[in-house]
Amino acid sequence: MIYLNLTILIFLLVAIQSIMGVGVLVVGTPLLLLFNYNIIEAMAILLPISIITSGLNLMYFKKIKKKLNLKLNKKIKKNFFYICLPFIFIGVTLLKIFKDIVNFEILVAIVILVSVLINVNKNIAYNFSDKLKKIILALIGIIHGFTNSGGSLLSLFISNQSNKNNSRYNITYFYLFLALSQFLIFIFFFGIDVFHLFEVYMILSISLGVLVGNFFFNFVNEKMFKVIINIICILTSIILLTK
């Protein structure tokens with residue numbers, strides 16, 4: 001029964017990430033905390049899944065890149081690799097030090113609620129100065145390394161607003177390296193068992209999730225889907241705060 005529930009959950013999270021660019025970590029972390037996993041266990045399960053999901057989706061984008069004229073934002077790419085990624089190390093270091101002290105149910109819930117609030121009021125972020133955006137990218141790196149929940153905030157700074165295909169391509173690309181960097185640092189500090197990824201239920205969940213997500217992307221009302229994701233995040237955060 002546990003494997004069945006986890007299989008369904010992973011499938012849904014992967015499908016969400018295949019549609020939105022984020023989802024496995026942003027939605028999955030509070031849900032696993034809700035199911036009484038600790039933050040280390042949640043990261044150990046979700047980080048490799050997120051990496052594989054983003055990698056498979058980038059392979060799909062490679063096939064349609066020329067057709068849809070997909071491009072990366074070079075300015076954000078530079079700031080992302082030079083500012084955001086290095087600060088993940090600080091976040092994971094803080095996790096190592098405070099993992100037995102901090103109440104991650106409350107912290108993750110607060111981070112997600114703030115992320116949803118900022119996402120709803122996107123004009124706030126777009127009006128930030130370049131200097132302030134760099135500072136926020138550094139904070140996102142720390143927050144993500146510490147809580148696994150910085151993806152929603154990061155999507156504000158790396159998405160291309162020209163169209164939803166370019167937006168999803170940019171988010172998927174940067175989110176892959178966000179999770180991969182965090183994963184490598186996480187292994188260094190905590191070690192991780194990745195053999196569970198090769199179990200049949202895990203392979204099926206991820207593969208089907210990617211296929212279904214990419215199929216439904218063309219039929220999804222993006223604004224409505226974002227509203228649904230925000231509602232899920234808010235509900236899980238409220239439950240975590242009152243747990």
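These questions and answers ask how the labels on a predicted model follow from its values.

Me: What makes up the chain, by helices and strands?
Reply: There are 11 helices and 0 strands. From the N terminus on, the elements run α-α-α-α-α-α-α-α-α-α-α.

Me: How much of the chain is buried?
Reply: Buried residues make up 49% of the 243 residues. The chain exposes about 12100 Å², and carbon and sulfur atoms supply 71% of that area.

Me: What share of contacts joins residues at least 24 apart in sequence?
Reply: The share is 84%, among contacts between residues at least 6 apart.

Me: How do you know that the span of helix α7 agrees with the expected value?
Reply: Helix α7 covers residues 130-147, which is 18 residues. At 1.5 Å a residue it should span 26 Å. Its end C-alpha atoms are 25 Å apart, so the two values agree.

Me: Which residues of α7 are buried, and what follows the helix?
Reply: The buried ones include Ile 136, Leu 137, Ala 138 and Ile 140. His 144 and Phe 146 are also among them. After α7 comes Asn 148, with a positive phi near 70 degrees.

Me: How does the reach of helix α9 compare with the expected value?
Reply: Helix α9 (residues 164-190) has 27 residues and reaches 37 Å from its first C-alpha to its last. The expected value is 39 Å, and the reach is close to it.

Me: What makes α9 mostly covered?
Reply: The count does: 19 of its 27 residues are buried. Just after α9, Gly 191 takes a positive phi of about 75 degrees.

Me: Why is Phe 186 called buried?
Reply: Its relative accessibility is 1%. Buried means under 20%, so the label fits.

Me: Why does Phe 190 count as partly exposed?
Reply: Phe 190 has 22% relative accessibility. The partly exposed class lies between 20% and 50%, so Phe 190 belongs there.

Me: What does Phe 190 touch, beyond residues up to four places away in sequence?
Reply: Phe 190 touches Ile 40, Val 92, Leu 95, Lys 96 and Lys 99. Phe 190 and Lys 96 are 94 residues apart in sequence, yet 8.0 Å apart in space, C-alpha to C-alpha.

Me: How many aromatic pairs are there?
Reply: The count comes to 14.

Me: Why is the pair of Phe 89 and Phe 189 called tilted?
Reply: The ring centres are 5.6 Å apart, and a pair needs them within 6.5 Å. The planes stand at 45 degrees. Stacked needs under 30 and edge-to-face over 60, so this pair is tilted.

Me: What parts does that pair tie together?
Reply: Phe 89 lies in helix α4 (residues 74-98) and Phe 189 in helix α9, so the pair ties together parts 100 residues apart in sequence. Phe 89 itself counts as partly exposed, at 41% relative accessibility.

Me: What makes Phe 186 and Phe 190 a tilted pair?
Reply: Their rings are 4.9 Å apart, centre to centre, with 35 degrees between the planes. That angle is neither under 30 nor over 60, so the pair is tilted. Both residues lie in helix α9, 4 residues apart, about one turn of the helix.

Me: Which residues do ring pairs link into a cluster?
Reply: They are Phe 80, Phe 81, Tyr 173, Phe 174 and Phe 177.

Me: Where does Arg 168 lie?
Reply: Arg 168 lies over the face of Phe 217, at 3.7 Å from the ring centre. The cut-off for that distance is 6 Å, so the value falls within it.

Terms used. Residues are numbered from 1 along each chain as its sequence is written. This is a predicted model: local features need pLDDT of at least 70, side-chain atom pairs count only at pLDDT 80 or more; totals for chains, interfaces and linings use all residues. Side-chain values use heavy atoms; hydrogens and water are left out. Helices (H or I, at least four residues) and strands (E, at least two) are DSSP runs, numbered from the N terminus. The expected span of a helix is 1.5 Å times one less than its number of residues. Buried means under 20% relative accessible area, exposed over 50%, partly exposed in between (1.4 Å probe, protein chains only). Contact means heavy atoms within 4.5 Å. Rings of Phe, Tyr and Trp (its six-membered ring) pair if their centres lie within 6.5 Å; planes under 30 degrees apart count as stacked, over 60 as edge-to-face and the rest as tilted. A charge sits over a ring if NZ of Lys or CZ of Arg is within 6 Å of the ring centre and within 35 degrees of the ring normal. Accessible areas come from the Shrake-Rupley method with a 1.4 Å probe; for residues, only the protein chains shown count as cover.
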